[in-house]
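Me: Please take a close look at one residue and its surroundings in the model below. Then work outward from there, and keep it brisk.

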Amino acid sequence: MAETVTLSGKTSPGLLASLDPLLREWLPRQRWFAGKGRPVTGFSLVAATELLPVGARLGLYHLLVRAEQGAGPGDCYQLLIGVRQALPPRLAPALIGHVTQGPLAGRTVFDALYDTRPAEVLLEAMRTRARIGGLRCERDPEQEIRSGLVPRRLTGEQSNSSVVYGDTFILKLLRRVVPGVNPDLELPLALAREGCPRVPAPTAWMEAHLEGEPYVLAVLQPYVQGAADGWELALRELAKGEDFAAEARALGRATAEVHGALARALPTATLGHAQIQPMVDGMAVRLDAAAQAVPALRPYAPALRTAFTALSDLAAEGHTWTAQRVHGDLHLGQVLRAASGEWSLIDFEGEPARPLAERRMPQPAVRDVAGMLRSFDYAAHSADPPAPGWAHACRGAYCSGYAEVAGVDPRTDPVLLRAYETDKAVYEVVYEARHRPDWLPVPLSAIHRLAAPDLP
């Protein structure tokens, strides 16, 4: 990057008040906004940092803003606000609005990740381990970060935003941020120390330290060149009528390798009845809440509950399970297949809606297995026409591949596997009802299967 980065850290009084009416309209429309369905009642500023002077042709603010939605403190979101006199046509999709009052009156503000220059500023800050206001950048000194890499924003994003730099690095910018040790950085660092090649080692990251708590804001990792997203790859194979079993088997082996490395790198625990019962209670509570929120789920709730009581009964008989740190939200969209055919696992954030402490707890590794099995089912039922036989073959191949490395086939513990699959499917029902109603039949088809009386 030839241009010098200006990093002042200063902010303007009245900034949030001037943005407030625009953010109330714009923020709830974002894919990554977690509070959909509830009106935003106000904002509070957690932190603000000026990364490029707003009086220049292009200004840039980094904001941590808490969105209030009735009772409770609300969620904290990371925003990169670009400031221009007017937007060029290429940035029209990024428009937040035209400011009419306060320090930015007369200027246009937009989601800065659509613009290349702000993305360059972020990379340069990480490359130089910048300290800007409350922002702190760290990096692995063993990995080189070249300047001048051309950024491009990835589309089709889920709960966060990503930028690829010259097919060399990928930056994941967390959107809803929480205080504490974030597994999306913690686990890849632990796996790197363990020498696990299945997860790209973090190259750099950005944090904020506020009121004694760390907030992980962004993680930069090597970009797996020529890699295919597991979800897109599966859908392509489905569309061609191709078998995916060999890929699923290799993916099972990769998952087991990551689980093995995590078990070596971080503490494990033994779960008996005292630990399993609260877990089962949590699953039942989530089922009850989901049935209240989604009427289509209610007829299945009594049968689904038997999956949880069966696990509780098994624990009461003295059965125990090993728990360890896991991915926490493993599905086909969280894996990449390189041109070499090797699979990698990415995005260790866990389910963002769950509390951070829960996401960092050791859990049975079968939780990740259940997530991937659900994902095969998702892909098969997203096809036109649906292909349940395709999913069945993938599920078997994946478990067989897993057993080849782990030495234990997840299917040999059907009670635990069914409980986790059921919990995951219930989560999916709520998610789809809230965010993608057209997709609701996909998890409901699994709910129908998991509620069958002949399952353990």
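**A residue and its surroundings**

Reply: Setting aside residues up to four places away in sequence, Glu432 touches Tyr378, Pro437, Trp439, Leu440 and Pro443. The model is predicted. Glu432 has its place in helix 11, which covers residues 414-435. Is Glu432 buried or exposed? Its relative accessible area is 1%. The cut-off for buried is under 20%, so Glu432 counts as buried. Its side chain also has a polar partner: a contact of 2.7 Å joins Glu432 to the side chain of Arg436.

Now the helix that carries Glu432. Helix 11 has 22 residues, and 16 of them are buried. Helix 11 is therefore largely enclosed by the rest of the structure. How far apart are the end C-alpha atoms of helix 11? They are 31 Å apart. At 1.5 Å a residue, the helix should span 32 Å, so the two values agree.

Helix 11 also takes part in lining a cavity. How many cavities of 30 Å³ or more does the structure hold? There are three. The largest cavity has about 90 Å³ of space. Helix 11 and helix 9 (366-382) each supply at least two residues of its lining. Which helix gives the most? Helix 9 does, with four residues. The lining residues include Arg367, Asp368, Ala370 and Gly371. Tyr420, Asp423 and Lys424 are also among them. So are Gly328, Asp329, Leu330, Glu351 and Arg354.

After helix 9 comes a cis peptide bond. The bond from Asp384 to Pro385 is cis, with omega near 0°. Pro385 is found in the loop between helix 9 and helix 10 (388-406).

Next, the sheet. Seven strands form an open sheet in the order 6-7-12-13-10-9-8, with antiparallel pairing. Strand 6 (131-132) and strand 8 (151-153) stand at its edges. Each has a single partner strand, so one side of each is left without a neighbour in the sheet. In a regular strand, side chains alternate between the two faces of the sheet.

Strand 13 (residues 213-222) sits between strand 12 and strand 10 in that order. Seven of its 10 residues are buried. Strand 13 is therefore largely enclosed by the rest of the structure. Strand 12 (residues 204-210) runs antiparallel to strand 13, and seven bridges join the two. Across that pairing, Trp205 stands opposite Val219 of strand 13. Strand 10 (residues 169-174) is also antiparallel to strand 13, with five bridges between them. There, Leu173 has Ala218 of strand 13 as its bridge partner.

Strand 12 and strand 13 form a hairpin with two residues between the strands. In this hairpin, Glu211 takes a positive phi near 50°.

Two other residues share this backbone feature. Arg129 is not a glycine, yet its phi is positive, at about 50°. Where is Arg129 placed? It is in the loop between helix 2 (116-127) and strand 6. Its relative accessible area of 43% makes Arg129 partly exposed. Asp347 is likewise a residue other than glycine, and its positive phi is near 60°. Asp347 lies in the loop between strand 18 and helix 8 (356-359). At 23% relative accessibility, Asp347 counts as partly exposed.

Last, the strand that comes before the loop of Asp347. Strand 18 covers residues 343-345 and holds Ser344. Ser344 has a relative accessible area of 10%, so it counts as buried. Which residues is Ser344 in contact with, leaving aside its neighbours within four places in sequence? They are Arg198, Pro200, Gln334, Val335 and Leu336.

Back to the starting point. Glu432 is buried at 1%, with a side-chain polar contact of 2.7 Å to Arg436. Its helix is largely enclosed by the rest of the structure.

Methods
Residues are numbered from 1 along each chain as its sequence is written. This is a predicted model: local features need pLDDT of at least 70, side-chain atom pairs count only at pLDDT 80 or more; totals for chains, interfaces and linings use all residues. Side-chain values use heavy atoms; hydrogens and water are left out. Buried means under 20% relative accessible area, exposed over 50%, partly exposed in between (1.4 Å probe, protein chains only). A polar contact is a pair of N or O atoms within 3.5 Å; within protein, one must be able to donate a hydrogen and the other to accept it, and residues adjacent in sequence count only if both atoms are side-chain atoms. Contact means heavy atoms within 4.5 Å. The expected span of a helix is 1.5 Å times one less than its number of residues. Two strands pair if DSSP finds at least two bridges between them. On a 1 Å grid over the protein atoms alone, a cavity is a set of points where a 1.4 Å probe fits but cannot get out, and a pocket is an open set with protein on both sides within 12 Å along at least five of seven lines; lining residues have an atom within 4 Å of a point. Grid points are joined across faces, edges and corners, and a volume is the space filled by probe spheres set on the points.
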